[in-house]
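Okay, thanks everyone for coming. I'd like to walk you through one structure today, so have a look at it on the screen and then follow along with me.

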Amino acid sequence: MIGYYVHHQGAGHLRRMQSIVAHATEPVTVLSSLPRPAWFLGAWVQLAADDEDAHPRGVTAGGTLHWAPRHDPGLARRSAQVLEWLVTARPSLVVVDVSVEVALLVRLAGVPVVVAAMRGDRSDRAHTTAYDLADALIAPWPEAAPEPWPRSWLDKTVHVGGLSRFDGRTRPAARSVASRHALLLWGDGGKGHDPEALEQLQAVTPDWTWELAHPGRRLGPEEIWRALCAAEVVVTHGGQNAVAEVAAAGTPAVVVADPRPFDEQLHTVRAVREAEIAVGVDAWPDAAAWPGLLRDAVRLGGTGWARWTYGDGAARAARFLDLLASRPRRPALGA
């Protein structure tokens with residue numbers, strides 16, 4: 001049995017779990033305060049929210065943690081639910097994507113932890129604790145584009161490459177278009193969701209036709225795949241899942257870093273830029289820069305994405321988890 005904790009913020013953690021679990025042979029139970037999606041047919045432990053207190057206090061416990069507000073009743077119930085499940089289910093391991101506090105709680109109960117690693121500066125006390133205690137780290141980027149981590153972390157890291165729900169798909173046959181076609185693929189927040197910024201982008205690129213995919217215009221998975229493959233260039237933020245989906249399609253891209261804690265997206269953008277995989281921009285550019293950025297992306301092409309994704313990242317992650325979960329447990333003394 002594998003436990004899989006899914007953080008409730010954003011869609012990326014849930015989507016990554018969906019991709020990996022589809023390839024797992026070991027039974028998986030998901031633990032999350034997210035509501036169970038209709039498409040998930042496996043076991044699901046509905047956790048209490050950990051932010052019931054409208055005025056949280058002492059959330060970092062003196063800088064040792066990220067989120068542990070004092071006297072929050074939801075946090076206490078949530079911790080009890082996790083521990084109760086660990087005692088009852090006796091999982092071989094728990095994947096944590098992502099929470100320093102859940103990783104610590106699970107490991108304190110004596111259960112091996114696999115942490116879903118994130119790019120960015122993770123040298124703070126809380127991340128260092130979680131990455132140190134992990135039995136393994138799963139990195140959804142290639143080994144050729146590593147983070148500057150301590151050797152102790154790198155030695156237990158499994159680099160599975162870009163990990164996308166579209167891994168292994170074949171691009172549809174190219175279709176001719178009357179004008180250049182670009183896709184803006186964006187998540188919550190940032191300039192890519194700002195109507196004024198989008199108007200400026202379209203105004204300075206009159207020879208391009210734009211398709212938009214963001215929280216204000218949500219597309220289903222099949223529509224996203226079609227749009228990725230139809231575009232001559234994709235403009236996207238530097239989130240792990242968005243970058244992996246562009247990589248799966250192999251479409252030329254401009255990848256823009258949205259501000260995120262620990263500079264996560266900035267590290268991803270710099271990695272794809274230094275590897276000459278895509279055009280990487282550290283922040284949303286001035287409007288006048290867009291025509292040149294799109295030309296640079298077309299010139300660079302999309303073949304470099306083969307250096308970012310192995311084409312089976314989710315399957316690689318699932319095989320590793322199955323192997324780790326199947327290891328024999330050491331018998332108790334005297335057994």
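Let's start with A48. Is A48 buried or exposed? Its relative accessibility comes out at 13%, so A48 counts as buried. Keep in mind as we go that this is a predicted model. A48 sits in the loop between β3 and α2. If you skip its neighbours up to four places away in sequence, A48 touches S33, G74, R77, R78 and Q81. Now look along the chain to G62, which is 14 residues apart from A48: the two C-alpha atoms are separated by 24 Å.

Stay in that loop for a second, because A54 tells another story: at 66% relative accessibility, A54 counts as exposed. A54 also has its place in the loop between β3 and α2. Its C-alpha atom is 9.3 Å from that of D72, and those two residues are 18 residues apart along the chain.

Okay, on to the inside. The largest nonpolar core has 60 residues. Which residues have the most contacts inside that core? Those are Y131, L185, L228, W305 and W308. And the helix that gives the most to this core is α8, residues 240–249, with six residues. There is also a second, separate core of 26 residues, and I20, F40, L93 and A318 are among its members. As background, in soluble globular proteins nonpolar side chains tend to be buried together.

Let me pick out L185 from the big core. Leaving aside neighbours within four places in sequence, L185 is in contact with A213, I224, L228, V234, V235, T236, H237, A242 and V246.

So, what about α8 itself? Ten of its ten residues are buried, so α8 is largely enclosed by the rest of the structure. What do those buried residues pack against? They pack against α1 (12–21), β8 (180–185), α7 (221–230), β10 (233–237), β11 (253–256) and α9 (264–274). The buried residues of α8 include Q240, N241 and E245 alongside alanines and valines such as A242 and V246. Right after α8 comes G250, and its phi is positive, near 70 degrees.

We just mentioned α1, so let's go there. Seven of the ten residues of α1 are buried, so α1 too is largely enclosed by the rest of the structure. The buried ones are H13, L14, R16, M17, S19, I20 and V21. The cover over them includes β1 (2–6), β2 (28–32), β3 (43–46), β4 (93–97), α8 and α11.

Next helix: α3, residues 100–108. Here V100, E101, V102, A103, L105 and V106 are buried. Those buried residues pack against β1, α2, β4, β5 (113–116) and α4. Just after α3 there's G110, with a positive phi of about 85 degrees.

G110 comes up again at a pocket. The second largest pocket holds about 410 Å³ of space. It is lined by 16 residues, and the closest to its centre are P91, S92, G110, P112 and R329. Two elements give two or more residues to that lining, α2 (73–89) and α11 (313–325). What is the lining made of, by class? It has ten nonpolar, two polar and four charged residues.

Two more residues before I stop. The first is H127, in helix α4, residues 125–133. With a relative accessible area of 8%, H127 is buried. Its side chain makes a polar contact with the side chain of D124, at 2.8 Å. Not counting residues up to four places away in sequence, H127 touches H66, V100, R122, W153 and F262. You may remember V100 as one of the buried residues of α3.

The other is E211, in strand β9, residues 208–213. Buried or exposed? E211 has 10% relative accessibility, so it counts as buried. Which side chain does E211 join through a polar contact? That would be H181, at 3.4 Å. Beyond four places in sequence, what E211 touches includes H181, A182, L183 and L184, along with R217 and R226.

That's my tour, thanks for listening.

How values were computed:
Residues are numbered from 1 along each chain as its sequence is written. This is a predicted model: local features need pLDDT of at least 70, side-chain atom pairs count only at pLDDT 80 or more; totals for chains, interfaces and linings use all residues. Side-chain values use heavy atoms; hydrogens and water are left out. Helices (H or I, at least four residues) and strands (E, at least two) are DSSP runs, numbered from the N terminus. Buried means under 20% relative accessible area, exposed over 50%, partly exposed in between (1.4 Å probe, protein chains only). A polar contact is a pair of N or O atoms within 3.5 Å; within protein, one must be able to donate a hydrogen and the other to accept it, and residues adjacent in sequence count only if both atoms are side-chain atoms. Contact means heavy atoms within 4.5 Å. On a 1 Å grid over the protein atoms alone, a cavity is a set of points where a 1.4 Å probe fits but cannot get out, and a pocket is an open set with protein on both sides within 12 Å along at least five of seven lines; lining residues have an atom within 4 Å of a point. Grid points are joined across faces, edges and corners, and a volume is the space filled by probe spheres set on the points. Ala, Val, Leu, Ile, Met, Phe, Trp, Tyr, Cys and Pro count as nonpolar, Asp, Glu, Lys and Arg as charged, and the others, Gly among them, as polar. A nonpolar core is a set of buried Ala, Val, Leu, Ile, Met, Phe, Trp, Tyr and Cys residues joined through side-chain atoms within 4.5 Å.
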